[in-house]
Every structure is written in C-alpha cells, then in structure tokens.
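Trainee: I would like to go through this model step by step. Can we start with the rings and then move outward?

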Amino acid sequence: MNQERIYKVLLGPLVSEKATMVGDQGQVVFKVAPDATKPEIRKAVEQLFNVDVTKVQVSNRKGKNKRTIHGMGKRDDLRKAYVRLADGQDIDFMDVE
C-alpha cells in the first residue's frame, strides 16, 4: 500500500463516550473513508502507529434527514472502524508535539 492511500484511508480518530469505553478494552475508533476495506485499515494503522492489529470491525452510520431554513437537508454518512490492538499496545493521541 502506498503512502498516499494510507492517509486517505484513515480520516482521523473518533472521540465519543462509546469510543472511550471501548478504549479501556484495547480498541481504538477511527473515521475511515467510505471505500476503505478491512485489510487497508489494518495496514494503515500498523504502518502509521507501529502497532499490531488483531481485529478490525467496520460500522456504517447513515446520515439523518434534518429540516433546515432552506428545506430538508441530510447529514453526511459516517463509516467507523473499531480496531483491536494486541495486548500491551496503545495509541496515545494526546501525546502530540
């Protein structure tokens, strides 16, 4: 996998209440591209963060329809990846220089 595709697969970490709860169990949650596959997500996380990935689960959330001033609108769809890391490994997003 080339470097350009790695940066297009992972869009960023997802920070929510559920993401912090699964973080205690050794999982990390990422927003991923709509066309990303599980093997691509695994390789991207392993290469970017130098960790071992044991399992990848992907979830698709449909965007809600909302009423706006200009009529009906739709929020964007979201694809999330729950990445389980090997025992003893961790990714710390707060340790940024």
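**The aromatic pair and the rest of the chain**

Mentor: The model is a predicted one. By the rule that ring centres lie within 6.5 Å, the count comes to one aromatic pair. Phenylalanine 30 and phenylalanine 49 form this pair.

Trainee: What is the angle between the planes of phenylalanine 30 and phenylalanine 49, and which class does the pair fall into?

Mentor: A pair of aromatic rings is described by the distance of the centres and the angle of the planes. For phenylalanine 30 and phenylalanine 49 the centres are 5.8 Å apart, and the planes differ by 25 degrees. Planes under 30 degrees apart count as stacked, so the class of this pair is stacked.

Trainee: Which elements does the pair link?

Mentor: The two residues are 19 apart along the chain, so to speak of distant parts is fair. Phenylalanine 30 belongs to strand β2, residues 27–32, and phenylalanine 49 to helix α3, residues 38–49. The elements linked are β2 and α3.

Trainee: Is phenylalanine 30 buried or exposed?

Mentor: The relative accessibility of phenylalanine 30 is 2%. Buried means under 20%. Phenylalanine 30 is therefore buried.

Trainee: And what is the state of phenylalanine 49?

Mentor: Phenylalanine 49 has a relative accessible area of 31%. Buried would need under 20% and exposed over 50%. Because 31% lies in between, phenylalanine 49 is partly exposed.

Trainee: Where is glutamine 27, and is this residue buried or exposed?

Mentor: Glutamine 27 has its place in strand β2. Its relative accessibility is 10%. The cut-off for buried is under 20%, so glutamine 27 counts as buried.

Trainee: Which residues does glutamine 27 touch, leaving out those up to four places away in sequence?

Mentor: A contact needs heavy atoms within 4.5 Å. With residues up to four places away in sequence not counted, glutamine 27 touches Val22, Gln57, Tyr82, Val83 and Arg84.

Trainee: What separates the C-alpha atoms of glutamine 27 and threonine 54?

Mentor: Along the chain, glutamine 27 and threonine 54 are 27 residues apart. In space, their C-alpha atoms are separated by 9.9 Å.

Trainee: Where is asparagine 50, and what is its phi?

Mentor: Asparagine 50 sits in the loop between α3 and β3. With a relative accessible area of 66%, asparagine 50 is exposed, because exposed means over 50%. Although asparagine 50 is not a glycine, its phi is positive, at about 55 degrees.

Trainee: Where does threonine 37 lie, and how is its exposure classed?

Mentor: Threonine 37 is in the loop between β2 and α3. The C-alpha atoms of threonine 37 and valine 56, 19 residues apart along the chain, are separated by 9.7 Å. The relative accessible area of threonine 37 is 38%, so the class is partly exposed.

Trainee: What lines the largest pocket?

Mentor: The largest pocket has a volume of about 400 Å³ and is lined by 18 residues. The elements giving two or more residues to this lining are α2 (17–23) and β2. By class, the lining has ten nonpolar, five polar and three charged residues. Nearest the centre lie Ala19, Gly23, Val28, Ile91 and Phe93.

Trainee: How does the lining of the second largest pocket divide by class?

Mentor: The second largest pocket has a volume of about 160 Å³. Its lining includes Leu11, Lys31, Asp77 and Arg79, and β2, β3 (53–61) and β6 (78–85) each give two or more residues. The division is four nonpolar, one polar and five charged.

Trainee: In which order do the elements of the protein chain run?

Mentor: The protein chain has three helices and six strands. Of its 97 residues, 32% are buried. From the N terminus on, the order is α-β-α-β-α-β-β-β-β.

How values were computed
Residues are numbered from 1 along each chain as its sequence is written. This is a predicted model: local features need pLDDT of at least 70, side-chain atom pairs count only at pLDDT 80 or more; totals for chains, interfaces and linings use all residues. Side-chain values use heavy atoms; hydrogens and water are left out. Rings of Phe, Tyr and Trp (its six-membered ring) pair if their centres lie within 6.5 Å; planes under 30 degrees apart count as stacked, over 60 as edge-to-face and the rest as tilted. Helices (H or I, at least four residues) and strands (E, at least two) are DSSP runs, numbered from the N terminus. Buried means under 20% relative accessible area, exposed over 50%, partly exposed in between (1.4 Å probe, protein chains only). On a 1 Å grid over the protein atoms alone, a cavity is a set of points where a 1.4 Å probe fits but cannot get out, and a pocket is an open set with protein on both sides within 12 Å along at least five of seven lines; lining residues have an atom within 4 Å of a point. Grid points are joined across faces, edges and corners, and a volume is the space filled by probe spheres set on the points. Ala, Val, Leu, Ile, Met, Phe, Trp, Tyr, Cys and Pro count as nonpolar, Asp, Glu, Lys and Arg as charged, and the others, Gly among them, as polar.
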